[in-house]
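Thanks for asking me to look through this structure with you. Here are some notes, written so that you can follow along on the screen.

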Amino acid sequence: MTPQLLQQVLSAYPARFAAQRWHVLGDAGGFSGAVIVRIETDLGEFALRGWPTVGMSASRILGLHRLLNVSHQSGISQLAVPLATTSGETLVTRHGRLWQLEPWMPGQADYTTNPSPVRLRNTMACLAAFHRVTVH
């Protein structure tokens with residue numbers, strides 16, 4: 001991820017999402033092939049995700065975006081819903097890759113080292129709510 005590419009992708013979004021600082025967390029070398037950039041803006045922290053260059057189509061990703069949005073609007077707040085560009089889209093195409101900007105969701109997947117009945121109950125309640133919204 002170069003500063004120029006970061007600027008090109010973020011230029012599709014309102015100016016308030018301009019990155020003050022950024023850090024590449026995954027650069028297409030991981031299991032999924034995604035590029036993940038954590039950016040800091042005047043509005044807070046966001047994740048810029050570059051989808052793998054092979055795999056899901058733009059139409060399928062946009063379908064996932066709609067599903068996330070409907071779920072969030074139904075009260076499931078634990079989801080990182082992609083943000084709209086200045087043209088209202090949730091995907092940006094730059095340099096042969098699809099990009100999306102979403103809120104940064106801090107946390108750590110550590111249930112196996114820190115299990116508890118409360119955490120399991122909360123997880124299952126969130127999953128049940130998601131299924132109620134998405135399965136018809």
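1. Let's begin with L10. Its relative accessibility is 7%, and because buried means under 20%, L10 counts as buried. Please keep in mind throughout that this is a predicted model. L10 belongs to helix α1, which covers residues 3-10. Leaving aside residues up to four places away in sequence, L10 touches F17, A19, I39 and L101. Try a distance too: L10 and V54 are 44 residues apart along the chain, and their C-alpha atoms are separated by 22 Å.

2. Now step back to the whole chain. It has three helices and five strands, and from the N terminus on the order is α-β-β-β-α-β-β-α. Along the principal axes, the C-alpha atoms fill a box of roughly 45 × 35 × 30 Å. Of the 136 residues in the protein chain, 30% are buried.

3. How much of the contact network links residues 24 or more positions apart? Such pairs account for 54% of the contacts with a separation of 6 or more. As for the outside, the protein chain exposes about 8600 Å², and carbon and sulfur atoms supply 56% of that area. The chain has 11 positive and 7 negative charges, and the mean positions of the two groups are 8 Å apart.

4. Strand β2 is a nice one to rotate. In a regular strand the side chains alternate between the two faces of the sheet. On β2 (residues 35-41), V35, V37, I39 and T41 form the covered face, while I36, R38 and E40 form the uncovered one. You have met I39 already, as one of the residues that L10 touches.

5. Next, follow the chain from β2 into β3 (residues 44-50). A hairpin of two residues joins these strands, and they pair in the antiparallel sense over seven bridges. Look for E40, which stands opposite E45 in β3.

6. Is β5 enclosed or open? Six of the seven residues of β5 are buried, so this strand is largely enclosed by the rest of the structure. β5 has two pairing partners to look at here. With β3 it pairs in the antiparallel sense over five bridges, and R49 stands opposite Q100 there. With β4 the pairing is also antiparallel, over three bridges, and V92 stands opposite W99.

7. H95 deserves a closer look. Most residues other than glycine have a negative phi. H95 is not a glycine, yet its phi is positive, at about 50 degrees. This residue lies in the loop between β4 and β5 (97-103), in a hairpin with two residues between the strands. Is H95 buried or exposed? Since exposed means over 50% and its relative accessibility is 63%, H95 counts as exposed.

8. Finally, find T85, in the loop between α2 (58-73) and β4 (92-94). Although T85 sits in a loop, its relative accessible area is 8%, so T85 is buried. The T85 side chain makes a polar contact with the side chain of S87, at 3.0 Å. Not counting residues up to four places away in sequence, T85 touches A12, Y13, P14 and V92. V92 is the residue you saw opposite W99 in β5.

Key: Residues are numbered from 1 along each chain as its sequence is written. This is a predicted model: local features need pLDDT of at least 70, side-chain atom pairs count only at pLDDT 80 or more; totals for chains, interfaces and linings use all residues. Side-chain values use heavy atoms; hydrogens and water are left out. Helices (H or I, at least four residues) and strands (E, at least two) are DSSP runs, numbered from the N terminus. Buried means under 20% relative accessible area, exposed over 50%, partly exposed in between (1.4 Å probe, protein chains only). A polar contact is a pair of N or O atoms within 3.5 Å; within protein, one must be able to donate a hydrogen and the other to accept it, and residues adjacent in sequence count only if both atoms are side-chain atoms. Contact means heavy atoms within 4.5 Å. Accessible areas come from the Shrake-Rupley method with a 1.4 Å probe; for residues, only the protein chains shown count as cover. Lys and Arg count as positive and Asp and Glu as negative; His and the chain ends are not counted. The place of a charge is taken as NZ of Lys, CZ of Arg, CG of Asp or CD of Glu. Two strands pair if DSSP finds at least two bridges between them.
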